[in-house]
Amino acid sequence: MDPAPLRLCVIFFALAATVFQTSCRKERKVDIATREKILLLGNGGEPKALDPHLVSSVGDANILRSLLEGLTTFHPSDDTKHEPGVAERWEANDDFTEWKFFLRNNAKWSNGDPVTAHDFVYSYNRILHPEMAAPYASMLYFLKNGEAYNKEEITDFAEVGVKAVNDHLLVCTMERPTPFLPDVVKHTTWLPVHQPTIEKYGTMTEAFTDWQKPGNHVGNGSFQLTDWRINAHVKVRRNPHYWDAENVKPNGINFYPIPNSYTEEKAFRNGLLHYTYIIPSNMISRYREENDPSLRSETYAGVYFYRCNTNQKPTDNADFRRALAYAINQETIVKYVKMGGEQPAYGYTPPSEVGYKPPNVIGHDPEKAKAFLKKAGYESGEDVPEFTVLFNTTEEHKSIAVAIQDMWKKTLGIDVKIQNQEWKVFQQTLFDMKYDVGRAGWIGDYSDPTTFLGMWQTGDSNNYTGWSNEEYDRLLKESSFARNPEERYRILAEAESILLDELPILPIYWYTRVYLISPDVKNWHPLLLDNHPYKHIDLIPSGESGKEEG
Amino acid sequence: METARFIASRFLQSVFALFCIVTITFFLARLAPGGPFLDEKAVPEHLLEKMNEKYGFDKPLVVQFGKYLVSLVRGDLGPSFGNKGYSVNEVIAQGLPVSLLLGVVGLGIALLIGIPIGVFAAAKQNTATDYTLMAVAMIGICLPTFVIAPLLGEWLAIRLGWFDVAFWEGSSAWVLGSITLGLYYSAYIARLTRGSMLDVLNQDFIRTARSKGAGPLKILFKHAFRGGITPVVAYLGPALAGLLGGSFVVETVFGLPGLGQHFIKAATNRDYWLINGTVTVFAVLIIVMNFLVDVVQAWLDPRTKSKG
């Protein structure tokens with residue numbers, strides 16, 4: 001017999017035996033990681049960048065929060081509170097048009113350089129600089145002349161409302177009163193970058209440079225970047241130069257980009273993750289039935305809604321849009337279609353604890369819907385010109401669209417078409433206003449209702465409904481001059497009432513975050529914006545008794 | 001001399017094919033609506049213009065194509081918009097070895113399983129054993145990888161704990177990926193082996209060997225095996241190319257950082273340079289495989305040359 005097949009067999013079994021031996025382990029990865037205090041987090045998709053001036057997605061922000069620290073930072077359990085970051089304290093003048101941030105003396109970059117007010121001025125110049133073409137520069141339009149500088153109407157950055165009086169005093173002059181600035185400065189776009197590092201690998205406004213790579217990256221957060229492999233992981237480890245290093249609980253964090261939620265759930269069950277970014281919605285009920293303590297479901301500052309194109313028939317008619325809104329049974333959608341514990345959106349701005357009371361006026365009311373259809377000039381649904389609901393291709397959006405299609409048919413007798421498009425095609429169609437009704441979602445950038453209401457002002461780049469209302473615009477402007485938060489929230493609620501009366505958008509549900517988390521993870525509290533400050537998070541084997549901090 | 005001319009002509013054909021692929025990809029990617037800067041949170045018009053200007057997208061398409069070709073010849077595939085801070089060259093340098101590992105090991109597994117099954121089934125032609133094996137192979141061909149992969153993960157990783165179910169770092173999840181790919185291709189190889197073994201077994205020289213008193217095992221391995229395996233060898237090139245291109249599902253299910261994920265994600269992100277880069281790399285691989293197969297076949301069988 002020829003020895004070749006025999007040899008092959010021997011090799012095969014040797015290989016199989018090796019694999020078997022190396023992969024049989026007694027201790028799960030999470031248990032080892034808990035002992036070593038390394039947090040293993042699922043983080044959705046691959047980060048687009050680790051440069052705070054180039055990114056906007058939630059996953060990117062989750063990583064940047066560990067690497068960089070802003071003037072203020074997130075509180076571990078209360079969205080309405082601000083923890084001191086690089087700034088020890090801050091104060092505003094009477095009308096909130098000027099903010100002073102007093103920077104601590106001991107804030108350091110991960111290479112040991114001190115963090116100064118000049119670093120913030122440099123960073124704000126960088127993101128607002130027209131040559132940088134930073135996609136989310138508009139987050140800094142709160143600064144006086146920020147928009148003008150970004151739009152090249154002025155060219156001297158000295159005219160922009162941010163000054164370093166000395167190394168430790170930063171003064172921000174605002175375009176208009178901004179009582180919630182300490183909240184805004186936590187956002188990724190307001191994080192500082194290290195000038196010598198940026199300029200070592202390129203010019204200030206060069207976007208794709210090597211500064212963000214492990215080994216090159218210099219940050220001022222509680223962790224520093226040690227490893228980044230595309231589609232595999234981003235690893236950060238304790239930053240010894242961080243000003244509060246002694247109070248940083250974890251030794252490091254591994255972020256795993258897992259675009260597939262089934263893979264993520266399996267990785268969790270396999271003991272490879274402490275936390276999943278999401279959970280497939282059809283697996284939620286199984287975890288609920290088993291009363292699995294790792295399943296958590298929390299309110300999240302986000303809203304799912306449909307945009308209406310108000311420039312064309314039939315959605316140009318407010319009564320018609322009202323008919324559509326009142327014909328949607330939101331309870332049915334969250335209970336039988338979405339099934340993730342979401343809340344029906346009775347208004348637009350999601351409920352929060354900041355003190356804002358949004359008007360909750362939307363709800364399922366078939367009679368009202370029919371009356372509005374008549375008022376819009378249609379005797380029956382059959383008279384309505386043909387229109388289409390557009391959504392980007394996913395099963396979830398499709399199920400919701402099908403449910404709404406059925407509700408409109410049953411309540412109003414309208415035969416609406418539904419159509420899906422690939423993500424970027426969908427974006428372009430909406431952007432070009434070539435749609436009738438289009439799916440949308442919005443997640444708050446900061447804890448203030450303006451993060452939701454601002455986009456419906458005339459000409460806002462995220463409006464694209466064609467809707468414009470002078471009174472709405474006026475109220476939003478007026479709100480910033482309000483004397484106290486109560487008055488401000490009252491004015492904003494008045495504005496939202498106009499939005500919910502005119503209904504260029506059809507609210508459907510408010511988001512809930514459903515995820516899995518290991519019982520080893522302590523101090524991971526529900527947060528509306530889901531921005532967890534990692535330094536407070538502790539890892540204690542769940543077998544041992546660990547006390548939760550408040 | 002003739003062989004040299006044949007190789008030269010095949011080489012020129014390959015270069016021309018590659019040029020066509022690069023051109024078509026470049027323009028097709030640009031035809032799709034949307035662009036790399038379009039996102040859920042809209043970018044203001046003035047910034048969009050600025051970005052297009054910054055990355056040269058405001059120039060006529062032909063000029064952009066010319067520039068792209070020049071940098072391509074220099075070996076520079078441009079920046080990746082979906083992975084800012086990484087060049088397409090770096091993205092491919094990270095992803096390709098993973099895909100190659102998955103593919104090559106997968107192919108190895110496919111051969112180790114497929115060939116013995118094929119030989120065995122041929123030896124037992126038209127018996128219950130033969131039918132059972134071929135039925136199993138048929139099921140293997142029909143079961144897509146996105147069914148096999150999660151099942152393997154559930155059983156071998158979560159239930160038995162032999163492997164990690166996902167991730168790249170020091171883990172064994174890639175072995176599961178290779179097994180998935182291997183199982184799928186082993187079914188093809190088993191059927192291919194069986195067919196060609198039967199062809200050989202029915203030839204005169206086998207009958208001669210048999211009449212000289214050679215035992216069934218000796219007939220099978222000493223006389224028939226080499227001839228029977230030749231079509232499988234010819235199939236290796238296209239199979240490896242298919243394994244590399246088809247690894248997307250396996251990479252997604254097991255969270256592996258191979259090139260397949262970039263191949264799909266680049267298209268959905270309108271990451272223009274990465275689309276062009278990944279297509280070019282896959283095209284080069286496939287063309288090189290086919291070129292090698294052609295050359296080897298020409299060397300084995302001189303008749304191919306005149307046909308080529």
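Colleague: Which pattern does chain B follow when it is read along the sequence?

Modeller: In this predicted model, chain B reads α-α-α-α-α-α-α-α-α-α-α-α-α, and its secondary structure comes to 13 helices and zero strands. A helix here is a DSSP run of H or I with at least four residues, a strand is an E run of at least two, and both are numbered from the N terminus. Residues are numbered from 1 along each chain as its sequence is written, while chains are lettered from A and ligands numbered from 1 in the order of writing. Local features need pLDDT of at least 70, side-chain atom pairs count only at pLDDT 80 or more, and totals for chains, interfaces and linings use all residues, with side-chain values resting on heavy atoms and leaving out hydrogens and water.

Colleague: What span does the C-alpha trace of chain B have along its principal axes?

Modeller: The C-alpha trace of chain B spans about 85 × 60 × 30 Å along those axes.

Colleague: How many residues of each chain take part in the contact?

Modeller: With contact meaning heavy atoms within 4.5 Å, chain B brings 62 residues and chain A brings 71 residues. The area buried between the two chains, that is, the accessible area (1.4 Å probe) lost on putting them together and summed over both, is about 6000 Å², and carbon and sulfur atoms give 57% of that area. On the side of chain B, the residues that lose the most area to chain A are B:Lys41, B:Lys84 and B:Phe167, which together account for 12% of what that side buries.

Colleague: Why is the pair A:Lys29 and B:Asp164 called a salt bridge?

Modeller: The term asks for a side-chain nitrogen of Lys or Arg within 4 Å of a carboxyl oxygen of Asp or Glu. In A:Lys29 and B:Asp164 the closest N and O atoms are 2.8 Å apart, and therefore the pair meets that limit. Between chain B and chain A the count is six salt bridges.

Colleague: Which helices of chain B each supply at least two residues of the side that touches chain A?

Modeller: They are α2 (45–54), α4 (88–123), α6 (145–159), α9 (216–245), α10 (248–253) and α11 (259–269) of chain B. Of the residues on that side, α2(B) gives the most, with seven.

Colleague: How do the residues of that side divide into nonpolar, polar and charged?

Modeller: The side of chain B that touches chain A has 32 nonpolar, 16 polar and 14 charged residues, where Ala, Val, Leu, Ile, Met, Phe, Trp, Tyr, Cys and Pro count as nonpolar, Asp, Glu, Lys and Arg as charged, and the others, Gly among them, as polar.
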